[in-house]
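Colleague: Got a minute to walk me through this one? I'd like to start from a loop and work outwards.

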Amino acid sequence: MEQTKSKNECPSCKGQLDYDGCYRRRYDGFRFDQYRCVECGKTVEIRIDEPIEKTFPMIREISIEVLEDRARNPKRYNKSSNSGLLFCCSNPKCTNPGIFIEPILQEMVDKRQLYKETWQVCNGFEPSPKWRKKTPCNRSFRITINLILENNGAHGG
Ligand SMILES: [Zn+2]
Ligand SMILES: [Zn+2]
């Protein structure tokens, strides 16, 4: 499967592309639209990164803090942050591209839960070619999420 930038033109034969659905890639959380060329039948994909406010339009305000176990200051995110992978492990050798925030937000929205504190352990590995085996990264993150939902019966403005 090939990646392309234009949703109008096949990268191989310049033929017209038909929309063929979208999916989320498991290992990095990025979303893709798939298109099929009407001329040569080739399937191409276009990456679409959506901010939290687009994926979760019912969230009016959100503040997310991620504190890594060895870090002093949390990283902060808001509703214009990417809704797929929110942050990356700071271990430079770690293979984990980040941790999925979207399932956590989806659960909060479903339960109309406005506050959540959760621990996530990095699922990445440090490749060690010398020993031919992978070392788990094992860094952990404290994730604190505060949100305000639309139509939440807000009082006083
Ligand atoms: Zn084509
Ligand atoms: Zn890691």
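**Loops, sheet and cores**

Modeller: Sure. Arg-112 sits in the loop between helix 2 and strand 7. Bear in mind that this is a predicted model.

Colleague: What's phi doing at Arg-112?

Modeller: Phi there is near 50 degrees, a positive value in a residue other than glycine. For background, most residues other than glycine have a negative phi.

Colleague: And is Arg-112 buried or exposed?

Modeller: Arg-112 counts as exposed, because it has 10 C-beta neighbours inside 10 Å; the cut-off for exposed is 12 or fewer.

Colleague: Which other non-glycine residue has a positive phi?

Modeller: Lys-14 has one, at about 65 degrees. Lys-14 belongs to the loop between strand 1 (2–3) and strand 2. With 12 C-beta neighbours inside 10 Å, Lys-14 counts as exposed too.

Colleague: OK, zooming out. How many helices and strands does the chain have?

Modeller: Two helices and ten strands. Along the sequence the pattern goes β-β-β-β-α-β-β-α-β-β-β-β.

Colleague: What share of the residues is buried?

Modeller: 17% of the 157 residues count as buried. As for contacts, take those between residues at least 6 apart in sequence: 50% of them join residues at least 24 apart.

Colleague: Let's do sheets. In what order do the strands of the open sheet come?

Modeller: The order is 6-5-10-7, four strands with antiparallel pairing. Strand 6 and strand 7 (115–121) are at the edges with a single partner strand each, so one side of each has no neighbour in the sheet. On average, neighbouring strands here are turned by 15 degrees against each other, ignoring direction.

Colleague: How many bridges join strand 5 to strand 10?

Modeller: Nine, between residues 59–68 of strand 5 and residues 140–149 of strand 10, running antiparallel. If you want a register check, Leu-67 has Arg-142 in strand 10 as its bridge partner.

Colleague: And how many between strand 7 and strand 10?

Modeller: Seven, again antiparallel. Val-121 is the one to look for there, with Ser-140 in strand 10 as its bridge partner.

Colleague: That leaves strand 6. How does it pair with strand 5?

Modeller: Over three bridges in the antiparallel sense, with strand 6 spanning residues 75–77. Ile-64 has Tyr-77 in strand 6 as its bridge partner. Strands 5 and 6 make a hairpin, and six residues lie between them.

Colleague: Switching to packing. Which residues touch the most other members of the largest nonpolar core?

Modeller: Ile-62, Ile-64, Leu-105 and Ile-145, out of 13 residues in that core. At least two residues each come from strand 5, helix 2 (102–111) and strand 10. Strand 10 gives the largest share, four residues.

Colleague: What does Ile-145 touch, leaving out residues up to four places away in sequence?

Modeller: Ile-62, Ile-64, Ile-104, Met-108 and Lys-116. There's another core apart from the largest one, made of five residues, including Cys-10, Leu-17, Tyr-35 and Val-44.

Colleague: Fine, and the earlier strands? How does strand 2 pair with strand 3?

Modeller: Strand 2 (residues 17–24) and strand 3 (residues 31–37) pair antiparallel over six bridges. Cys-22 stands opposite Asp-33 in strand 3.

Colleague: Where does Asp-33 lead next, in strand 4?

Modeller: Asp-33 stands opposite Ile-46 in strand 4. Strand 3 and strand 4 (residues 43–48) are antiparallel as well, over six bridges. Their hairpin has five residues between the strands, and Gly-41 takes a positive phi near 80 degrees in it.

Colleague: Last topic, confidence. What's the mean pLDDT of the chain?

Modeller: The mean is 83, and 86% of the residues reach 70 or more. Over residues 153–157, though, the pLDDT is below 50, and beyond near neighbours in sequence that stretch has zero contacts in the model.

Colleague: How should I treat coordinates where pLDDT is low?

Modeller: Where pLDDT is low, the predicted coordinates should not be read in detail.

Key. Residues are numbered from 1 along each chain as its sequence is written. Chains are lettered from A and ligands numbered from 1 in the order in which they are written. This is a predicted model: local features need pLDDT of at least 70, side-chain atom pairs count only at pLDDT 80 or more; totals for chains, interfaces and linings use all residues. A residue is buried if 20 or more other C-beta atoms lie within 10 Å of its own, exposed if 12 or fewer, and partly exposed in between; C-beta atoms are placed from the backbone. Two residues are in contact if their C-beta atoms, placed from the backbone, lie within 7 Å. Two strands pair if DSSP finds at least two bridges between them. Axes are lines fitted to C-alpha atoms, for helices over the stretch in contact, and angles run from 0 to 180 degrees between N-to-C directions. pLDDT is the predictor's confidence in each residue, from 0 to 100. A nonpolar core is a set of buried Ala, Val, Leu, Ile, Met, Phe, Trp, Tyr and Cys residues joined through C-beta atoms within 7 Å.
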